[in-house]
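Biologist: I would like to learn how to read a few features of a structure. Could you take me through them one by one?

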Number of protein chains: 10
Amino acid sequence: MKNSGYEGRQDGIRTWVTPTIDTFDNLYRDREYEITMSIPEFTCVCPKTGLPDFATLTLTYYPDQKCIELKSFKEYTLAFRNQGIFHENVVNKMVDDIVASIKPRKLKLVGVFNARGGIKTTVTRNYPNT
Amino acid sequence: MKNSGYEGRQDGIRTWVTPTIDTFDNLYRDREYEITMSIPEFTCVCPKTGLPDFATLTLTYYPDQKCIELKSFKEYTLAFRNQGIFHENVVNKMVDDIVASIKPRKLKLVGVFNARGGIKTTVTRNYPNT
Amino acid sequence: MKNSGYEGRQDGIRTWVTPTIDTFDNLYRDREYEITMSIPEFTCVCPKTGLPDFATLTLTYYPDQKCIELKSFKEYTLAFRNQGIFHENVVNKMVDDIVASIKPRKLKLVGVFNARGGIKTTVTRNYPNT
Amino acid sequence: MKNSGYEGRQDGIRTWVTPTIDTFDNLYRDREYEITMSIPEFTCVCPKTGLPDFATLTLTYYPDQKCIELKSFKEYTLAFRNQGIFHENVVNKMVDDIVASIKPRKLKLVGVFNARGGIKTTVTRNYPNT
Amino acid sequence: MKNSGYEGRQDGIRTWVTPTIDTFDNLYRDREYEITMSIPEFTCVCPKTGLPDFATLTLTYYPDQKCIELKSFKEYTLAFRNQGIFHENVVNKMVDDIVASIKPRKLKLVGVFNARGGIKTTVTRNYPNT
Amino acid sequence: MKNSGYEGRQDGIRTWVTPTIDTFDNLYRDREYEITMSIPEFTCVCPKTGLPDFATLTLTYYPDQKCIELKSFKEYTLAFRNQGIFHENVVNKMVDDIVASIKPRKLKLVGVFNARGGIKTTVTRNYPNT
Amino acid sequence: MKNSGYEGRQDGIRTWVTPTIDTFDNLYRDREYEITMSIPEFTCVCPKTGLPDFATLTLTYYPDQKCIELKSFKEYTLAFRNQGIFHENVVNKMVDDIVASIKPRKLKLVGVFNARGGIKTTVTRNYPNT
Amino acid sequence: MKNSGYEGRQDGIRTWVTPTIDTFDNLYRDREYEITMSIPEFTCVCPKTGLPDFATLTLTYYPDQKCIELKSFKEYTLAFRNQGIFHENVVNKMVDDIVASIKPRKLKLVGVFNARGGIKTTVTRNYPNT
Amino acid sequence: MKNSGYEGRQDGIRTWVTPTIDTFDNLYRDREYEITMSIPEFTCVCPKTGLPDFATLTLTYYPDQKCIELKSFKEYTLAFRNQGIFHENVVNKMVDDIVASIKPRKLKLVGVFNARGGIKTTVTRNYPNT
Amino acid sequence: MKNSGYEGRQDGIRTWVTPTIDTFDNLYRDREYEITMSIPEFTCVCPKTGLPDFATLTLTYYPDQKCIELKSFKEYTLAFRNQGIFHENVVNKMVDDIVASIKPRKLKLVGVFNARGGIKTTVTRNYPNT
């Protein structure tokens with residue numbers, strides 16, 4: 001069984017510096033509640049073929065001290081538009097970046113990618129691990 | 001990472017005095033049951049752009065001594081029509097107001113806001129915290 | 001906060017005598033199973049405005065010694081057609097009547113009422129309380 | 001409250017001899033897995049009116065030593081086509097017959113019957129009881 | 001009750017040598033996350049009639065050290081195109097092959113097969129058993 | 001072939017005096033445009049069985065000098081709630097009444113009645129005949 | 001190219017005597033309007049395999065002197081339940097019978113049959129020919 | 001039959017001065033093509049009750065020398081947010097304003113208004129009249 | 001602009017000898033009516049990549065002296081399963097073959113092919129040309 | 001009424017040189033038939049804001065001597081990914097380019113663009129003009 005060696009070409013993803021995700025103070029930080037953002041227009045590039053990939057991202061989180069500022073988050077996702085990156089890494093990279101920015105009580109990110117070669121891929125990660 | 005300072009402009013929301021939510025006595029207060037009200041025509045104003053926002057609100061509660069009177073609740077929601085207020089604060093403010101009015105056994109409010117900048121936001125809060 | 005005094009006008013509902021719900025013996029009473037009846041054509045009258053209300057009722061129960069006879073149950077629901085009664089009371093009254101008739105192991109009744117004033121109301125009750 | 005006496009006319013159902021449900025050996029009997037069969041074309045006859053009833057049946061089971069052979073199961077369900085039998089008894093009779101044939105680890109059968117008199121009935125049974 | 005003897009004609013399935021499923025190293029192996037692949041274009045052949053069967057397969061897994069390489073997985077599924085094999089065995093064979101290839105933390109495979117003889121079959125297996 | 005003689009019992013329908021349909025002056029009577037009213041909550045009574053019937057009515061018309069006043073039209077439809085009348089006659093009676101009230105350029109009325117005995121009936125009439 | 005000889009086995013269909021379709025006088029025979037009946041529960045038998053077929057029939061007609069009486073039409077369709085007849089002949093036979101019964105201004109009958117062998121068949125006929 | 005006198009209270013609508021609809025030059029004015037704008041978030045106020053109305057507007061036009069500038073059109077529709085105006089007049093007023101602004105080859109405007117009193121109203125106008 | 005030369009590799013398609021499409025005599029050949037066959041399980045092979053293609057075919061025809069025999073038509077379509085052939089040629093080849101077999105009054109064939117490279121292709125041909 | 005001057009910034013669009021659309025010879029050029037390509041993953045950039053736009057394009061054409069080669073057409077559409085261009089011009093530019101490449105008998109291109117500012121835009125052009 002050969003290992004197709006993707007990791008090598010994607011090693012820099014974990015340390016890639018993306019635009020800042022701005023925040024605003026949570027006015028109801030003494031309450032526990034949930035915020036969901038659905039982003040149906042995500043696009044990036046396949047690192048193997050150079051062709052575009054498309055996905056719908058759905059982020060759900062319980063804010064603590066800070067909430068994600070909508071417009072800067074939109075700009076953050078635009079940084080992936082011309083970036084070569086695998087589906088699995090898109091979701092993992094974003095979760096790490098968002099957790100670093102707002103330190104939420106908990107969080108879930110789901111990326112539903114359009115079919116390629118007749119196969120549709122979905123990647124889901126929770127924080128903290130459940 | 002800059003904090004975009006929304007809180008300052010929204011500080012008054014928690015103390016904003018909204019119209020009374022009328023109630024009626026729960027005829028079956030010795031039974032436990034659930035009431036859901038779905039309000040697909042909610043609108044308010046974005047405090048940053050001054051443009052209208054639209055949402056569907058879904059309130060679910062277990063009444064104790066009192067139930068929410070439908071017509072006065074409709075009028076309560078109309079008070080937000082020309083009010084500048086963020087999505088997160090709409091849901092939190094309403095939960096606080098309803099709990100003060102009917103002291104339910106439990107309650108859940110979900111606000112599904114129409115997409116802005118290609119991002120659709122949903123805010124959900126339970127009472128008491130779960 | 002004024003109490004709009006509905007209860008007074010609806011006090012008789014709990015003691016209103018409705019048509020009998022006939023039953024038949026449960027042939028498989030040594031088995032535990034579930035029966036669901038969905039009634040999309042329920043209508044009654046709003047006691048405040050005199051205008052008709054419409055609902056879909058969904059009854060789910062686990063029979064013990066007896067099952068509900070379909071035709072007599074249909075006739076039972078027709079008794080509400082020209083009766084002034086609030087949404088909350090429709091569901092509670094029916095649960096009390098059905099429990100008295102068949103003494104089920106457990107039961108759930110959901111009434112989904114068409115929107116009035118742009119608000120759609122759903123009332124749900126379980127027996128016994130959960 | 002009169003008992004409408006259905007049981008009498010349906011007493012023979014529990015002992016009615018239906019066609020054999022053939023089986024085949026479970027090739028992966030050392031694995032636990034689930035099989036679902038959906039049968040949208042079931043029809044039988046109402047014992048009161050003589051008119052046809054229609055249903056969608058959904059059977060889910062965890063096989064042990066044996067699996068249900070598809071074609072003989074189809075023929076088994078055809079035996080009900082001109083049989084007078086109540087909705088509740090269709091589901092209970094079938095569960096008893098299938099359990100006798102394949103002795104599954106567990107099983108669930110749901111029968112969703114088309115509306116009669118504006119009421120749609122669903123009957124569900126699990127084996128063993130849950 | 002006759003046993004229709006399928007197993008005999010399918011005995012070789014458990015030892016049938018299928019194409020290798022290639023893998024790539026999991027870049028985020030210190031995180032727990034879920035990957036779903038949906039394959040709506042699966043086809044194989046019925047061993048009894050020689051006619052084609054069609055299914056949608058949905059694979060969900062939590063990767064450990066390795067992930068499934070998409071293109072080789074597509075080719076793996078193509079090996080079934082002209083193979084005579086029963087629905088139950090398709091799902092069980094694939095689960096055994098995938099587990100051998102990537103040793104995932106957990107995995108679920110669902111095969112939804114198009115109706116034959118008016119009956120639609122779904123087969124589901126989890127790893128490890130739940 | 002027997003004639004079931006319905007007409008006799010329904011002869012009075014064409015001359016039955018229903019509530020007035022109020023109108024308002026068409027502000028844009030120098031323009032040609034179309035108005036559609038959809039009424040999903042229509043109910044009347046079957047003259048043979050005495051059981052309620054339910055329908056969705058859809059009225060489309062091109063106003064000339066006058067438009068239909070919404071609230072009085074609602075009240076007009078309520079007059080059918082406890083009236084015994086066949087599906088075909090509901091639509092024909094209404095078209096005659098509306099044409100008499102507003103003398104539209106053209107008009108179409110469609111009544112889609114809920115299934116009875118497993119048969120769903122739709123009645124459609126245009127004015128003038130096309 | 002062999003002719004599979006179906007006609008021989010179906011020759012009697014055109015002269016098969018089915019139950020009478022009762023009628024009632026058209027109260028609005030001076031108006032032109034359209035009646036549609038949708039029958040989602042039609043079943044007959046395949047003359048080659050003896051297995052049941054299922055279809056949804058939709059009849060649309062412009063009545064002249066007479067309308068179809070709903071209950072007798074239901075009984076007419078029940079005559080096909082255990083009759084061996086091909087899809088094409090079901091629709092043609094019914095059109096001939098209905099035209100003979102009510103002599104409509106025009107008529108259309110569509111039969112949508114459930115898939116057999118992975119092929120779903122629809123048969124449509126207009127009267128008079130268009 | 002009383003005339004409910006709406007026109008009087010709405011007489012000023014035809015001469016009400018609304019915000020300018022900006023335009024841009026049609027780059028392909030030597031080609032004939034069609035532009036559709038769908039606006040699901042329209043809201044105005046009922047002149048009788050003072051309560052908000054909601055609608056989805058769909059504008060379709062064939063541009064000649066000029067096209068509608070999207071952002072100014074959005075602002076134009078916002079002028080109706082707190083304006084008392086009947087459904088019929090919303091559509092007619094807008095068609096007159098758009099035709100004055102861009103002089104299109106042809107145009108169609110459809111307003112689908114949310115149900116009030118259980119009746120949903122749609123208003124449609126074409127330019128020029130067809 | 002280069003011509004990619006497909007035709008050369010597909011020249012034999014027009015003369016490729018496929019299995020016979022059997023027929024049966026049209027019992028109602030003195031009536032004009034329409035038959036539609038929908039085939040959601042068509043598959044063939046891409047001549048450039050060797051990978052499978054999938055399509056839903058919908059055939060509509062007005063029979064003259066003969067109708068298509070369902071089972072032999074199914075077998076005819078199976079001849080394409082492992083054949084390299086472009087989407088456009090599948091539809092054209094089939095129309096030529098069916099017209100030769102049954103000489104229908106008119107015919108339409110639509111092939112809706114699953115997306116490849118993010119592009120979904122549909123091919124439609126009428127006979128005779130319209 | 002100010003003219004917002006878009007044309008100036010978009011003047012170069014009509015003369016912008018895009019990648020070649022390759023063709024292949026139409027094997028059935030003596031037949032008239034229709035080909036539809038649906039492209040749900042189109043993206044370009046708004047020339048005013050620099051933000052991405054998304055659309056689904058649907059091209060329908062009747063080929064004459066040549067057909068569009070799928071893969072090169074995909075690449076042609078990718079040329080718009082980072083191009084600033086208005087919705088109206090995307091559709092018109094593409095139609096001019098495709099007509100120049102394959103000289104079809106007729107053609108239609110529809111671009112359905114995702115909502116911006118709550119307004120969803122669709123642009124449609126036929127060739128030749130109809």
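Modeller: We will go through helix packing, strands, a buried residue and the relation between chains. Please keep in mind that this is a predicted model.

Biologist: Let us begin with the helices. How do I describe a pair that packs together?

Modeller: Two packed helices are described by the angle between their axes and the distance between the axes. Take chain E: the axes of helix H2 (residues 70-78) and helix H3 (residues 87-102) approach to within 12 Å and cross at roughly 145°.

Biologist: Is the crossing of H2(E) and H3(E) left-handed or right-handed?

Modeller: H2(E) and H3(E) make a right-handed crossing.

Biologist: Which residues meet where H2(E) packs on H3(E)?

Modeller: H2(E) contributes Phe73(E), Tyr76(E) and Thr77(E), and these meet Lys93(E), Met94(E), Asp97(E) and Ile98(E) of H3(E). Sorted by class, this contact of H2(E) with H3(E) holds 4 nonpolar, 1 polar and 2 charged residues.

Biologist: May I try chain C? At what angle do the axes of H2(C) and H3(C) cross?

Modeller: In chain C, the axes of helix H2 (residues 70-78) and helix H3 (residues 87-102) cross at roughly 145° and come within 12 Å. The crossing of H2(C) with H3(C) is right-handed. On the H2(C) side you will find Phe73(C), Tyr76(C) and Thr77(C), which meet Lys93(C), Met94(C), Asp97(C) and Ile98(C) in H3(C). The residues of that contact of H2(C) with H3(C) are 4 nonpolar, 1 polar and 2 charged.

Biologist: Thanks, that is clear. Now the strands, please: what should I know before I look at one?

Modeller: In a regular strand the side chains alternate between the two faces of the sheet. After that, ask how covered the strand is and what it pairs with. Strand S2 (residues 33-45) of chain A has 12 of its 13 residues buried, so it is largely enclosed by the rest of the structure.

Biologist: Which strands does S2(A) pair with?

Modeller: One partner is in another chain: S2(A) pairs with strand S6 (residues 119-127) of chain B, antiparallel, over 6 bridges. Glu34(A) lies opposite Thr124(B) of S6(B) there. Within chain A, S2(A) runs antiparallel to strand S3 (residues 52-62), and 9 bridges join them. Ile39(A), for example, has Leu57(A) in S3(A) as its bridge partner.

Biologist: How many residues lie between the strands of the hairpin of S2(A) and S3(A)?

Modeller: There are 6 residues between S2(A) and S3(A), and Gly50(A) in this hairpin takes a positive phi near 75°.

Biologist: And what does strand S2 of chain J look like?

Modeller: Strand S2 (residues 33-45) of chain J is mostly covered, with 12 of 13 residues buried. S2(J) is joined by 9 bridges to the antiparallel strand S3 (residues 52-62) of chain J, where Ile35(J) faces Tyr61(J). S2(J) also pairs antiparallel with strand S6 (residues 119-127) of chain I over 6 bridges, and Glu34(J) is the bridge partner of Thr124(I).

Biologist: How are chains J and I related to each other?

Modeller: Rotating by 72°, with a shift of 0.0 Å along the axis, superposes chain J on chain I at an RMSD of 0.0 Å. The two copies are therefore related as by a five-fold rotation axis.

Biologist: One last feature: is His87(G) buried or exposed?

Modeller: The cut-off for buried is under 20% relative accessible area. His87(G) has 13% relative accessibility, so it counts as buried. His87(G) sits in helix H3 (residues 87-102) of chain G. Leaving aside residues up to four places away in sequence, His87(G) touches Asp53(G), Phe113(G), Thr121(G) and Val123(G).

Key. Residues numbered from 1 in each chain as written. Chains lettered and ligands numbered in written order. Predicted model: local features only at pLDDT ≥ 70, side-chain atom pairs only at ≥ 80, totals over all residues. Heavy atoms only, no water. Axes fitted to C-alpha atoms, helices over the stretch in contact; angles between N-to-C directions. Helix = DSSP H or I, 4+ residues; strand = E, 2+ residues; numbered from the N terminus. Left-handed = near helix turned anticlockwise from the far one by under 90°. Contact = heavy atoms within 4.5 Å. Nonpolar A, V, L, I, M, F, W, Y, C, P; charged D, E, K, R; others polar. Buried < 20%, exposed > 50% of the residue type's maximum accessible area, 1.4 Å probe, protein only. Pairing = 2+ DSSP bridges. Least-squares fit on C-alpha atoms with pLDDT ≥ 70 in both.
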